[in-house]
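Q: Could you take me on a close look at one part of this model, strand pairing to begin with, and then follow the packing outward from there? I would enjoy one connected account rather than a list.

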Amino acid sequence: MQILAIGAHPDDIELQCAGTLAMYVKQGHQVFMAVVTNGNMGNYDVAPEELARIREAEFNQSCTVLGATPIWMNYPDELLENTVQNRLVFVDMLRSINPDLVITHGANDYHPDHRYTHQLVWDALPLAGIANIKTKHPATNRQVTLYMMDNLGGIDFHPTEFVDITETLELKKAALSKHASQTRIFHDLLDIDLLDVIETVGKFRGYQAGCKYAEGFTKVEAWYRGLSKRLLPESDQESRFNYKTEG
């Protein structure tokens, strides 16, 4: 399959679904990671132009760790808008991949760039399959299945499907570690260790999923996008919880 994850900022995908993407790669699927904004406003001590270069380089390194193909959309950080012009840019990006499945932010995540990314993806997906809407690439040949990834910290997100990422958690952490400029600023300004965040949330979702570490998702249920089969990856390991009955 062609799997496309779309995050608003250069580290969003790694935080929320990199374990699942690593599972896809391991199972032989082709994975693309698209970052919408360039993260140029995220640090108080680095000029925006220089920071954008740093964040792009870090993102490319992270994609290399995961075995994914990077897509850098280069919108300015903090200023994303849901306009028709931007929607058509998203349409063409989607058409360039022709994905089977797209993963992006939920509608109620904490950051406006996250929420506008969600809306732009939601609005662009139906248009991507309409041939009479012309962009550089031809229309997709399917109605793409859409999944929402977890909110940061798991706040106000209620997964309907889980992926066991126990075997790819360390790879997820290695990918996030490439975003050194972002992990540093979270530590300096908020005293937050992002590597600990993904391990803590992963363990919490694992309790819900019946495994050691998991990522949670919600599939968008919309007209003619339903499926009779699961598209999220299955673990090739047995559950670590073995229940025995007596008598």
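A: Happy to. Let us begin with a pair of strands: β5 (residues 145-149) and β7 (residues 214-219) run side by side in the antiparallel sense, joined over 3 bridges. Please keep in mind throughout that this is a predicted model. Within this pair, Y147 faces K219 of β7, and M149 has F217 of β7 opposite.

On its other flank, β7 meets β6, again in the antiparallel sense, this time over 4 bridges. Here E161 has F217 as its bridge partner in β7. F217 therefore turns up in both pairings, opposite M149 and as the partner of E161. As for solvent, β7 is mostly covered, with 5 of its 6 residues buried.

Now step back to the whole sheet. It is open and has 7 strands, in the order β3-β2-β1-β4-β5-β7-β6, and the pairing is mixed. The edges belong to β3 (69-75) and β6 (161-164); each has a single partner strand, so one side of each has no neighbour in the sheet. From one strand to the next, the twist averages 25 degrees.

Next come the helices that lie on this sheet. Helix α1 lies across β1 (2-7), β2 (30-37), β4 (101-104), β5, β6 and β7, and its direction is at about 170 degrees to β1. The strands we started from, β5 and β7, are thus among those that α1 lies across. Helix α2 (residues 48-66) also packs on the sheet, where it touches β2 and β3, and its direction makes about 160 degrees with that of β3.

From α1 we can move on to a helix-helix contact. The axes of α1 (residues 12-26) and α5 (residues 169-177) come within 8 Å and cross at roughly 135 degrees. That angle makes α1 oblique to α5, and the crossing is right-handed. On the α1 side the contact involves E14, L15, Q16, C17, A18, G19 and A22, which meet L171, K172, A175 and L176 of α5. Sorted by class, the residues of this contact are 7 nonpolar, 2 polar and 2 charged.

Helix α5 has another partner in α7 (194-209). These two pack at an angle of about 155 degrees, with their axes 10 Å apart. An angle over 145 degrees counts as roughly antiparallel, and α5 and α7 are therefore roughly antiparallel to each other. Their crossing, too, is right-handed. The contact draws on L169, K172, K173, L176 and S177 from α5, and on L194, L195, I198 and E199 from α7. By class it has 5 nonpolar, 1 polar and 3 charged residues. Notice that K172 and L176 appear in the contact with α1 and also in the contact with α7.

L176 leads us on to T183, a residue of helix α6. Not counting residues up to four places away in sequence, T183 touches L176, I192 and L194. The C-alpha atoms of T183 and D193 are separated by 6.9 Å, although these residues are 10 apart along the chain. In this stretch, D191 sits in the loop between α6 (180-190) and α7 (194-209). D191 is exposed, with a relative accessible area of 64%. Its phi is near 55 degrees, a positive value in a residue other than glycine. For context, most residues other than glycine have a negative phi.

There is another positive phi to visit, at E78, where the value is near 75 degrees and the residue is again not a glycine. E78 belongs to the loop between β3 and α3 (84-97), so to speak just a short walk along our tour. E78 is partly exposed, with a relative accessible area of 39%.E78 also brings us to H111: leaving aside neighbours within four places in sequence, H111 is in contact with H9 and E78. H111 lies in the loop between β4 and α4 (112-128). In contrast to the partly exposed E78, H111 is buried, with a relative accessible area of 9%.

How values were computed:
Residues numbered from 1 in each chain as written. Predicted model: local features only at pLDDT ≥ 70, side-chain atom pairs only at ≥ 80, totals over all residues. Heavy atoms only, no water. Axes fitted to C-alpha atoms, helices over the stretch in contact; angles between N-to-C directions. Parallel < 35°, antiparallel > 145°, perpendicular 65-115°, else oblique. Left-handed = near helix turned anticlockwise from the far one by under 90°. Contact = heavy atoms within 4.5 Å. Nonpolar A, V, L, I, M, F, W, Y, C, P; charged D, E, K, R; others polar. Pairing = 2+ DSSP bridges. Buried < 20%, exposed > 50% of the residue type's maximum accessible area, 1.4 Å probe, protein only.
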